[in-house]
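Colleague: Could you take a close look at the charged side chains for me and tell me who pairs with whom? An informal walk-through is fine, as long as you give the cut-offs along the way.

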Amino acid sequence: MAKIDWYGEFVDFKYSPAKDDLVCLFYFEPMAGMTIKETIGRIASESSTGTWTTLYKLPPRMKKLQSIAYHVDGNYARVAYPSGLWENGNLCQLLSGIAGNIFGMKSVKNLRLIDVSLPQSYIRHFKGPHFGNDGIRRMMGVYKRPLTGAVPKPKIGFSAAEHAKIGYETWMGGFDFVKDDENLTSTSFNSFSDRVKMMARMRDKAEKETGERKSAFINITAETEEMKKRAKMLAEYGWNYAMIDVVVTGNASVHTLRDYCSDLGLAIHAHRAMHAAFDRNPKHGITMQFLAKIMRLIGVSQIHSGTAVGKLVGTKDEAKAIADTLREKHVKAHGKLLLDQNWGKIKSAFPVSSGGLHPGLVPDVMNIYGNELVLLVSGGIHGHPKGTRAGAEAAMQAIEATMDGITLEEKAGKSPQLALALKKWGHYKPK
Ligand code: CAP
Ligand code: MG
């Protein structure tokens with residue numbers, strides 16, 4: 001009987017990837033009644049050239065574009081994609097291939113895209129981060145400790161003037177950055193333009209009084225042309241960062257803004273709001289390390305990566321995998337979380353640890369990330385018994401203690417603001 005499909009042609013356990021192949025690592029669970037081979041053949045076929053049935057004719061050259069599922073280890077499969085499949089520099093097309101229809105196939109009960117190993121022939125068509133981590137450190141004049149920041153809380157509701165005042169207190173407490181919250185853009189009570197202007201005034205005041213560089217991640221999230229206008233205004237008022245909610249705006253607009261911001265000398269702070277819609281289920285969706293990889297490839301300067309100990313999901317191992325993906329020049333394969341990735345000329349980016357943090361959790365987070373980190377402590381400074389400035393001072397004292405290798409309790413003996421933070425929160429891990 002004539003074959004009804006060609007899925008089996010997309011599986012070859014003898015195949016070893018060519019140098020220019022792009023390789024994906026998937027977690028997969030076959031639907032009941034499907035064999036492993038039937039399932040991985042469908043994953044490879046649907047994400048490259050195939051369809052559900054044999055065809056009247058198949059030009060021989062098409063075979064060269066077929067991906068090959070070549071390795072299975074339990075529920076983990078590797079699929080190699082020939083370089084000819086991919087349009088140079090078009091990340092959208094890559095996602096439509098390796099992260100498109102396959103999640104909806106009936107043949108899989110669960111499917112998760114874990115990581116992708118991008119060949120040099122692919123990554124050389126992307127610019128990556130404009131500054132790199134050394135460049136960011138030089139720009140801010142902070143060379144050893146983690147960079148620090150906070151979001152005014154409650155997350156939305158302040159007027160631009162109140163927002164800027166809280167920003168000033170945050171900067172005067174020793175923090176480098178003041179970050180807009182993910183859902184603060186331009187509202188009737190806190191317009192983008194008012195906030196840019198008033199925050200610039202407070203920044204200049206704080207820089208004058210401290211002698212330190214101060215900056216902010218002001219959220220330009222909007223339609224792409226509007227984001228360009230907002231980025232331009234940031235540059236006009238002397239800012240060196242723009243913040244974008246990269247999942248809700250989409251990688252195409254981030255790609256556009258990357259070059260636009262780079263021309264304006266703006267680094268991009270990437271908030272990842274919405275990521276947990278597809279990355280928190282350990283059996284289905286797309287991992288955060290994959291999202292971090294494509295954002296570094298496009299060229300954001302930093303992206304949120306979790307805390308493991310704060311209020312939002314994400315394990316220590318995942319945080320480390322995301323940090324490696326962002327910071328390392330050559331990421332070594334690591335268990336079922338990471339494939340080998342040589343980043344070539346693509347500069348580094350910072351992991352951003354944030355969410356439910358307070359001074360009592362600073363050692364835990366620095367234990368995961370080390371110092372090459374942007375550390376955001378928001379509710380954890382504005383909830384300090386003596387207010388924002390004292391809260392920032394307490395967080396800075398916690399960083400000092402951790403870098404000096406002493407306990408927070410020892411430090412608190414000489415640091416009253418830290419002592420008060422520990423009295424309120426101790427080492428509490430919020431849920
Ligand atoms: C943290 C935060 C950040 C989260 C995002 C918030 O505030 O501003 O958006 O960190 O999560 O709105 O919750 P708190 P992630 O410090 O007061 O919790 O960093 O995991 O992407
Ligand atoms: Mg937030």
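**Charged side chains**

Modeller: Let's start in helix 6, where E169 and K165 sit 4 residues apart, about one turn of the helix. (Helices are DSSP runs of H or I with at least four residues, strands are runs of E with at least two, and both are numbered from the N terminus.) Bear in mind that this is a predicted model: local features need pLDDT of at least 70 and side-chain atom pairs count only at pLDDT 80 or more, while totals for chains, interfaces and linings use all residues. As for bookkeeping, residues are numbered from 1 along each chain as its sequence is written, chains are lettered from A and ligands numbered from 1 in the order in which they are written, and side-chain values use heavy atoms, with hydrogens and water left out.

Back to that pair: E169 and K165 form a salt bridge, with their closest N and O atoms 3.1 Å apart. The term means a side-chain nitrogen of Lys or Arg within 4 Å of a carboxyl oxygen of Asp or Glu. The acid is buried at 19% relative accessible area, whereas K165 is partly exposed at 44%. Here buried is under 20%, exposed is over 50% and partly exposed is in between, using a 1.4 Å probe and protein chains only.

Helix 8 (residues 224–236) has a pair with the spacing of 4 residues, about one turn: E236 and K232. Their side chains meet in a salt bridge at 3.2 Å, N to O. E236 is exposed, at 53%, and K232 is partly exposed, at 42%. Elsewhere, salt bridges that share partners tie K3, E9 and K63 into one network. The total for the structure is 26 salt bridges.

Now for the one I'd zoom in on. K153 bridges to D181, with the closest N and O atoms 2.6 Å apart. This pair links distant parts of the chain, 28 residues apart: K153 is in the loop between strand 5 (147–150) and helix 6 (160–172), and D181 is in the loop between strand 6 (177–179) and helix 7 (192–210). K153 is partly exposed at 25%, while D181 is buried at 3%. K153 is also joined to P154 by a cis peptide bond, with omega about 5 degrees.

D181 has a second role to look at. With its OD, and alongside the OE of E182, D181 is a protein donor of the magnesium ion (ligand 2), the donors lying 1.8 to 2.0 Å from the metal. Donors are N, O and S atoms within 2.8 Å of the metal (3.2 Å for Na, K and Ca), and water is not among the atoms, so sites may look incomplete.

Last, some unpaired lysines. K316, K320, K429 and K431 gather in a patch of positive charge on the surface. Patch members have over 30% relative accessible area and no salt bridge; like charges are joined within 9 Å, and nonpolar side chains (Val, Leu, Ile, Met, Phe, Trp, Tyr) within 5 Å. Lys and Arg count as positive and Asp and Glu as negative, leaving out His and the chain ends, and each charge is placed at NZ of Lys, CZ of Arg, CG of Asp or CD of Glu. The areas come from the Shrake-Rupley method with a 1.4 Å probe, and for residues only the protein chains shown count as cover. Within the patch, K429 lies in the segment after helix 18 (416–425) and is partly exposed at 43%.
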